[in-house]
Amino acid sequence: HPMKFLFLFFLFTIGSLSNYAREERVSKMPNLIILLADDLGYGELGCQGNKEIPTPHIDGIAKKGVRFTQGYVTAPNCSPSRAGLITGKYGTRFGHEFNPTGAKNEKPGYGLPLSEKTLAGSLSMAGYVNGLVGKWHLGGTAPYHPFRRGFDEFFGFTHEGHYFVPEPWDGTTTWLRRKVLPGGGKGIRRFGKVIYSTHLGNEPDYDANNPIVRGSQPVQEEEYFTDAITRESIDFIDRHADKPFFLFVSYNAVHSPLQATDKYMDKFKHIEDIQRQIFAAMLANLDDSVGGIMKKLADENLEKDTLVFFLSDNGGPTRELTSSNLPLRGEKGQMYEGGIRVPFLFQWPGKVPAGKTFDRPVLSTDIFATIHAAAGAPKPKGKYVESYDLVPYLTGKYKEDPHEWLYWRQSNKAAFRVGDMKIVRQTPQKWELYDLAKDPSETRDLIKERPEEFQLLLQGWEKINGNMVEPLFK
C-alpha cells in the first residue's frame, strides 16, 4: 500500500538521521564540562601536595590529564574572575573589574555587561545544550539571568554565596563570624554545633534576597548544597547524554559560610582545630561531588568524548577559611601569587597527555579558546586576544609559552608578568619585583637590585593598562 510504504520510509529516514546525529556528536562535538571550585587554595589538593585532606577524585583528573603548575585567573576574587572565564577576556577590558557583594548584586548595571558574548552563547549557536548548576555571581537582576546569557538550564543562586542548608542548619556544624560574640566579648565561643568567632567581622548576609532557583522559580532545597549540585549535574548528564552538552558546575564550596555535614565532620574528628576540621569536611564533600559527576560520565561511556576542566576561581582566603595557598605568598583579594594562581587541571582522554604537568603560565581565559576549538565553534572576533587553545601546547606542537605577558588590575592593586619576572603592587605607589623561577613564594623583592628590569615591566604594564576601560561598578 502506498501509505504504508511512505510510513516505513519515514521511520527508516528518522532512524538513520538519529544515528547520524549520534555519530557526529561523538566524533566531532565533544561534551564540555567546567568544574569551578570557590575560594580553594593553591595548596589544598592532594595532587598539589596536601597530605592532610584526601582528594582522590579531583586528583584523578590530574592523573588522567594535565596539571598546570602555573595556572592563573584574571582577578583575585569571585565575580571578575568568573567574567574572565566565561568571556575569554580580562574583565578590565569591559569594565568588570570589581566584585559586587550583598545588595549590590541587585543593583541595575551590576553584572557581566550585556555587550559581552559568553562561552554559553557561542556554544548554543554551535549546537550545544548548556547547563549551569550552582553559583552565578555575574548579575542578580533580570537582564543578567543565565537564560539571557546562553544557558538553557539553571539551578542555583545569583549572588556571591549561600548557606549550604536552610536554617536551623540541622545535621551540620557551622562556623559564623561576628563582631561581638552572643552574650558579649571577643574570641571564639561554641553553642552546640554553631561556633561564633570575632576574628574577621560579621558573616555576610548571603541568603538575603538570594533564593536557590530552578530556572527562575525559587525552590526550597533541603539537601546539603554541594550534594544538590551533584544530583542536578548527574541529572543534566543523564537527560542530555544523547546530544552534545556544555555543563558549567559552579560550586560554592569551599566559600564561606563554613558549614559541613555530620558525616564528613566525623571523617576529620582527628583535626583539633574546629575551623580547619569544618574546612576539611567541606573539601572532602566537594571531592566526592566531583567523583559522582566523573562516575556518571564513565557509566554513560562518555569519558572519552568529554573534555573536563577543574580549577578554582581565585586563591584561598586563609584567615577566613584556613584555605592554604602554600608555597605561595598571599591570599584571596591580593595580587601576590596566592591570590591569583590556582589549582588548574584538564583532562581529555586521547587528546592531551595523561599524568603530566605543564609548567609554564596559562590563564583561565584559555578555557574559552580551548573549548571553542574542541567544539569546532568559531571563536568570537575581537580586537584583543588573551585566550589560547591549550591543546597544541600540551601535545608539543607549540613550544613557546601561550602568553607573552599576564596582566592584572583592581583599583590600586596590580601585577604584570613577562617570562618569569613579575611586578606587583599590593598597596598604592609601592611596586615590588620578583623572579618567580627562583622565588615562587615572592620572598625577595629585587626592585632595588634590578631597576632597569623593573622599568621595562612597568612600561609594559602601563601600555596594556592604557587599553583597559574604567570600571562600570564597584
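Me: Which elements do the buried residues of α3 pack against?

Reply: The buried residues of α3 pack against β1 (31–37), α4 (119–125), β4 (129–135), β11 (245–250), α10 (366–375) and β17 (406–410). Keep in mind that this is a predicted model.

Me: How many residues of α3 are buried?

Reply: A residue counts as buried under 20% relative accessible area. Helix α3 covers residues 78–87, and 10 of its 10 residues are buried. They include Cys78, Arg82, Leu85 and Ile86. The helix is mostly covered.

Me: What follows α3?

Reply: Gly88 does, and its phi is positive, near 75 degrees.

Me: Which strands does α3 lie across?

Reply: α3 lies across β1, β4 and β11. It runs at about 165 degrees to β1. Helix α10 also packs on the sheet, where it touches β1, β13 and β14. The direction of α10 makes about 175 degrees with that of β13.

Me: What is the order of the strands in the open sheet of 10 strands?

Reply: Read it from one edge to the other. The order is β10-β9-β5-β4-β11-β1-β13-β14-β2-β15, and the pairing is mixed. The edges are β10 (217–218) and β15 (356–358). Each has a single partner strand, so one side of each is left without a neighbour in the sheet.

Me: Why is strand β5 described as largely enclosed?

Reply: Count its buried residues. Four of the five residues of β5 (residues 153–157) are buried, so the strand is largely enclosed by the rest of the structure. Now look at its pairing. Five bridges join β4 to β5, and these two run parallel. Val133 has Phe155 of β5 as its bridge partner. Two bridges join β5 to β9 (residues 213–214), this time antiparallel. There, Gly156 stands opposite Val213.

Me: How do β13 and β14 pair?

Reply: In a regular strand the side chains alternate between the two faces of the sheet. Here, β13 (residues 306–312) and β14 (residues 344–347) pair in the antiparallel sense over four bridges. Phe310 has Leu345 in β14 as its bridge partner.

Me: Which strands form the open sheet of four?

Reply: They are β7, β8, β6 and β12, in the order β7-β8-β6-β12, with mixed pairing. The edge strands are β7 (188–191) and β12 (258–261), each paired on one side only. From one strand to the next, the twist averages 15 degrees. Four bridges pair β7 with β8 (residues 194–197) in the antiparallel sense. Arg189 stands opposite Tyr196 in β8. Helix α7 (residues 274–299) lies across β6 (172–177), β7, β8 and β12. It runs at about 60 degrees to β12.

Me: What is the volume of the largest cavity?

Reply: Start with the method. Rolling a probe the size of a water molecule over the atoms shows where empty space is left. The largest cavity has a volume of about 80 Å³. It is lined by 14 residues, and the closest to its centre are Thr74, Ala75, Gly91, Thr92 and Arg409. The lining divides into seven nonpolar, five polar and two charged residues. β17 gives the most to this lining, with four residues.

Me: How much space lies in the largest pocket?

Reply: About 330 Å³ lies in the largest pocket. Of its 19 lining residues, the closest to the centre are Lys89, Pro380, Lys381, Gly382 and Tyr384. The lining of this pocket has six nonpolar, five polar and eight charged residues.

Technical notes
Residues numbered from 1 in each chain as written. Predicted model: local features only at pLDDT ≥ 70, side-chain atom pairs only at ≥ 80, totals over all residues. Heavy atoms only, no water. 1 Å grid on protein atoms, 1.4 Å probe; cavity = no way out; pocket = protein on both sides within 12 Å on 5 of 7 lines; lining within 4 Å. Points joined across faces, edges and corners; volume = space filled by probe spheres on them. Nonpolar A, V, L, I, M, F, W, Y, C, P; charged D, E, K, R; others polar. Pairing = 2+ DSSP bridges. Axes fitted to C-alpha atoms, helices over the stretch in contact; angles between N-to-C directions. Contact = heavy atoms within 4.5 Å. Buried < 20%, exposed > 50% of the residue type's maximum accessible area, 1.4 Å probe, protein only.
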